[in-house]
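Open your viewer and get ready to click along. This tour goes from one selection to the next and says what to look for at each stop.

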Amino acid sequence: MTFLLLLVVKNAFAGQIPNEQVWGKLLIVQDEAKAVGPHQGLSSVVCNEMRALIMQGRWAPSSRLPSEAELCKQFNVSRPVVRQALAALREEGLVSSRRGSGSFVRPGVAPVISEPQVQFPPLTSIADLDSFLNFREGIEGEAAAVAARRHTEQQLAELRDAAARLGKGAPLPEGDYDFHRAVASASGNPFYLNSLESLRVHIMFGLGISWTFGVGQGNFQRLVQDHHAAIVEAIASRDADAARDAMRRHLQWARTKLMTGQVGE
C-alpha cells in the first residue's frame, strides 16, 4: 500500500493529479490496497516498473529477463510478488516464459522512445565545461558505488560488454558514452540513468573533444580502456568505495586531459 500511495503523491507533484483531487485519490488507493492484499498491491507496482523497462527498451525484445532471485533483489520484494507481476506481463503479451529457461521479452514488442525528463543548462564557456566535468565526478562516482552494491548478473554482463565494445564498430565517443550509461544502468536507480541520458549531449560534447585530440596520442585509448576495466572489476567485486574511487579518478583524469591536453596515467 505504501508504494501505491507514493505513486499517487509522485503524480500529484508532477501535476498529473490536481491538488484538490489528491486526498480523494489517496483514500481510493488505500481502500483498494486493503481489498486486494499486500502481494497484489506490490505486484501491480512492480509490474508497472517492469513494463516501463520493456517499453523504454532497457529490456530489449527477445532478451531474457533477470532471474526471479535477481528481480527480487532489484525491486526489493518477495518471489510471490515477482511471479504475480510476471504473470500480469504475460497476460498483456509483453513477456513469455520457457520452462527451465526463464522469462523473455516477446520479439514483437516495440520500445517507446521518450524524451529524458531532466533538463540541464547548455555549455557556453570553458568555465561551464569545467564545472560540468566536476559535476559528473560526483554523480557518476556515486552511480558506480551503487552499481557495486546493487547490480544484477545481467547488468554486470551488459557492463562488461559495453567496456569490451569500445573501439569496435561504433565511434569512440559513442562507445565511451555507452560504457558510462551502462554503469548508471547497473545501479538499478532510474534517477542516475535518466540523468546520464539527459546529459548525453553535454557528455558527447566533452568526449568528442577528448577523443579528437586523444586519438593522435598512441596510449590514450589504452588508458581509457584500463580505467574502464578498473571500474568494471571494482563493481564486479561489489566494492563500493573502490568503484567510486575508480570512476572519480577516471573522470578527474579526463578533466585534466580536456583542460590541459596532458594525457598522463
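Let's begin with a pair of helices: H8 and H9 are roughly antiparallel to each other, because their axes cross at roughly 160 degrees and angles over 145 count as roughly antiparallel. Keep in mind as you go that this is a predicted model.

**Stop 1: H8 and H9**

Select residues 172-186 for helix H8, then add residues 190-198 for helix H9. The axes of H8 and H9 come within 8 Å. Which residues of H8 meet H9? On the H8 side, show Tyr177, His180, Arg181, Ala184 and Ser185. Facing them from H9 are Tyr192, Leu193, Leu196 and Glu197. Colour this contact by residue type and you will find five nonpolar, two polar and two charged residues.

**Stop 2: H9 and H10**

Keep H9 on screen and add helix H10, residues 200-214. The axes of H9 and H10 come within 5 Å, crossing at roughly 60 degrees. That angle makes the two helices oblique to each other. To see the contact, show Leu196, Glu197 and Ser198 from H9 together with Arg200, His202 and Ile203 from H10. Two of these contact residues are nonpolar, two polar and two charged. Leu196 and Glu197 may look familiar: they also belong to the H9 side of the meeting with H8.

A general note for both stops: the angle between the axes and the distance between them are what describe two packed helices.

**Stop 3: the aromatic rings**

How many aromatic pairs does the structure hold? There are two. For one of them, select Trp211 and Phe220 and look at their rings. The ring centres are 4.8 Å apart and the planes stand at 80 degrees, so this pair is edge-to-face. Are Trp211 and Phe220 buried or exposed? Both are buried.

Now leave Phe220 selected and add Trp253. These two rings form a stacked pair, with 5.5 Å from centre to centre and 25 degrees between the planes. Trp253 is buried, as is Phe220. Phe220 sits in helix H11 (residues 220-236) and Trp253 in helix H12 (residues 240-260), so the pair ties together parts that are 33 residues apart in sequence. Show the three side chains together, and you have one aromatic cluster made of Trp211, Phe220 and Trp253.

**Stop 4: two loop residues**

In general, most residues other than glycine have a negative phi. The next two selections have a positive one.

Go to Asn76, in the loop between helix H4 (68-75) and helix H5 (79-91). Its phi is near 60 degrees. With 67% relative accessibility, Asn76 counts as exposed, because the cut-off for exposed is over 50%.

Then select Arg238, in the loop between H11 and H12. Phi of Arg238 is also near 60 degrees. Arg238 has 34% relative accessibility, so this residue counts as partly exposed.

**Last stop: the whole protein**

Zoom out and show everything as a cartoon. The protein has twelve helices and two strands. Following the sequence, you pass through α-α-α-α-α-β-β-α-α-α-α-α-α-α. Of the 265 residues, 41% are buried. Switch on the surface: the accessible area comes to about 14,000 Å², and 55% of that belongs to carbon and sulfur atoms. Finally, consider the contacts between residues at least 6 apart in sequence: 72% of them join residues at least 24 apart.

Key:
Residues are numbered from 1 along each chain as its sequence is written. This is a predicted model: local features need pLDDT of at least 70, side-chain atom pairs count only at pLDDT 80 or more; totals for chains, interfaces and linings use all residues. Side-chain values use heavy atoms; hydrogens and water are left out. Helices (H or I, at least four residues) and strands (E, at least two) are DSSP runs, numbered from the N terminus. Buried means under 20% relative accessible area, exposed over 50%, partly exposed in between (1.4 Å probe, protein chains only). Contact means heavy atoms within 4.5 Å. Accessible areas come from the Shrake-Rupley method with a 1.4 Å probe; for residues, only the protein chains shown count as cover. Axes are lines fitted to C-alpha atoms, for helices over the stretch in contact, and angles run from 0 to 180 degrees between N-to-C directions. Angles under 35 degrees count as roughly parallel, over 145 as roughly antiparallel, 65 to 115 as roughly perpendicular and the rest as oblique. Ala, Val, Leu, Ile, Met, Phe, Trp, Tyr, Cys and Pro count as nonpolar, Asp, Glu, Lys and Arg as charged, and the others, Gly among them, as polar. Rings of Phe, Tyr and Trp (its six-membered ring) pair if their centres lie within 6.5 Å; planes under 30 degrees apart count as stacked, over 60 as edge-to-face and the rest as tilted.
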